[in-house]
Amino acid sequence: MSKFKLAMVQMAVGMSKSDNVAKAVKFITEASSAGANIITLPECFNSPYGTKFFPEYAEPIPGPSTQALSEAAKKNSVYVVGGSIPEKDGDKIYNTCAIYNPSGEMIAKHRKVHLFDIDVPGKITFKESEILSPGDQFTMFKTPYCTVGVGICYDIRFAEMAQIYANKGCKLLVYPGAFNMTTGPKHWELLQRGRALDNQVFVGTASPARDTEAGYVAWGHSRVVDPWGEVISATDEKESIVYADIDLDKLEEMRKMIPLKQQKRHDLYVPPSLNVDSKRRGDLYEVSS
């Protein structure tokens, strides 16, 4: 199965958790009716984005919000990449994405690995680490179409993560994310195109819709980028669903034209300081055919 339809949901997120979850389910149903096979929600789809909100809106997984996603996935027979919610686990809170298969089973869970701690003088200061704990593993899940790698927002800035996903056989990377009005216009699309082009994979992003009255204003502009680095589907800042017809045969054609995978010099990529024999350096890179 080399062709499928991807949907990236850009929804407005308000103060009511129950309303947010109901809206997410509504969008999943709408995307399914339009023929989508894999549907991705935005980062913090059940909660306003902000450190002061995370403790109030946090819940365990499974919990009410993710149970609704499970039921929606099963009812519509689709894969649901559940954006993210503040997840409470013991005395820690994570920014977590739960993934469900068409039977409603949770098949993966990604906790945001790289926390959003930045300070741009005169523009924005934000420190997720004041409240959140980082995840400690990368997350992939298999579908009948391809293996999918998952990151959340700030994870997209780290090229090594995408490279590992591609080396392990992922052909699609999805990033629920809420870039802001400072970094969004400058970096959002650029990072997506970079991750897609460097790794010759499809990249999809799902942002909350923009709310100029919110304490944290999301950039929006959800997108899907192909392995050639071209944006093949996109939206503006308002509520919408971005659809893309993914053709994996085209991915293979692009890889044949520019065979980066076969041309990589793994014998040179490991720093000499690691004292690894050159014949064994390639073993440090797990490459899937």
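**Exercise 1. Is the crossing of helix 1 and helix 3 right-handed or left-handed?**

Keep in mind throughout that you're looking at a predicted model.

*Step 1.* Find the two helices: helix 1 covers residues 17-33, and helix 3 covers residues 64-76.

*Step 2.* Look at how they lie. Their axes are 10 Å apart and the packing angle is about 15°. Angles under 35 degrees count as roughly parallel, so helix 1 is roughly parallel to helix 3.

*Step 3.* Now the handedness: helix 1 and helix 3 cross in a right-handed way.

*Step 4.* See who touches whom. Helix 1 brings K17, V21, V25, I28, T29 and S32, and these meet S65, A68, L69, A72 and N76 of helix 3. The spacing has a simple background: an α-helix has 3.6 residues a turn, so residues three or four places apart point the same way.

**Exercise 2. Work out how many disulfides the structure has, and check C97 and C153.**

*Step 1.* Start with the search of the whole structure, which turns up zero disulfides.

*Step 2.* Recall the cut-off: the two cysteine sulfur atoms would have to be within 2.5 Å.

*Step 3.* Try C97. Its closest cysteine sulfur is in C44, 11 Å away, so that is too far for a bond.

*Step 4.* Try C153. The closest cysteine sulfur is again in C44, this time at 9.0 Å, which is also too far for a bond.

*Step 5.* Check where these cysteines sit. C97 is buried, with a relative accessible area of 0%, and C153 is buried too, at 4%.

**Exercise 3. Find the backbone oddities in the loops, and one just after helix 4.**

*Step 1.* Know what to look for. Most residues other than glycine have a negative phi, and most peptide bonds are trans.

*Step 2.* Go to the loop between helix 2 (54-57) and helix 3, where P62 sits. The peptide bond from I61 to P62 is cis, and its omega is near 0°.

*Step 3.* Come back to C153, in the loop between strand 10 and helix 4. Here phi is positive, near 45°, in a residue that isn't glycine.

*Step 4.* Move to Q200, in the loop between helix 5 and strand 12 (202-206). Q200 isn't a glycine either, yet its phi is positive, about 55°. Q200 is buried, with a relative accessible area of 8%.

*Step 5.* Finish with G169, just after helix 4, where phi is positive at about 105°.

**Exercise 4. Which residues of helix 4 are buried, and what do they pack against?**

*Step 1.* Helix 4 runs over residues 159-167, and its buried residues are M161, A162, Y165, A166 and N167.

*Step 2.* List their neighbours. These buried residues pack against strand 6 (106-111), strand 9 (139-142), strand 10 (147-150), strand 11 (170-176) and helix 5 (184-199).

**Exercise 5. Describe E71 and its distance to S103.**

*Step 1.* E71 is in helix 3, and it is partly exposed, with a relative accessible area of 48%.

*Step 2.* Along the sequence, E71 and S103 are 32 residues apart, while in space their C-alpha atoms are 8.7 Å apart.

**Exercise 6. Which residues does UniProt list for the CN hydrolase domain?**

*Step 1.* The unreviewed UniProt entry lists residues 4-248 as "domain: CN hydrolase".

*Step 2.* Over residues 4-248 the chain is 24% helix and 31% strand, and the C-alpha atoms at the two ends are 9 Å apart.

How values were computed:
Residues are numbered from 1 along each chain as its sequence is written. This is a predicted model: local features need pLDDT of at least 70, side-chain atom pairs count only at pLDDT 80 or more; totals for chains, interfaces and linings use all residues. Side-chain values use heavy atoms; hydrogens and water are left out. Buried means under 20% relative accessible area, exposed over 50%, partly exposed in between (1.4 Å probe, protein chains only). UniProt positions are given in the numbering used here, feature names are shortened, and annotations may be inferred rather than shown by experiment. Helices (H or I, at least four residues) and strands (E, at least two) are DSSP runs, numbered from the N terminus. Axes are lines fitted to C-alpha atoms, for helices over the stretch in contact, and angles run from 0 to 180 degrees between N-to-C directions. Angles under 35 degrees count as roughly parallel, over 145 as roughly antiparallel, 65 to 115 as roughly perpendicular and the rest as oblique. A crossing is left-handed if the near helix is turned anticlockwise from the far one by less than a right angle, and right-handed if clockwise. Contact means heavy atoms within 4.5 Å.
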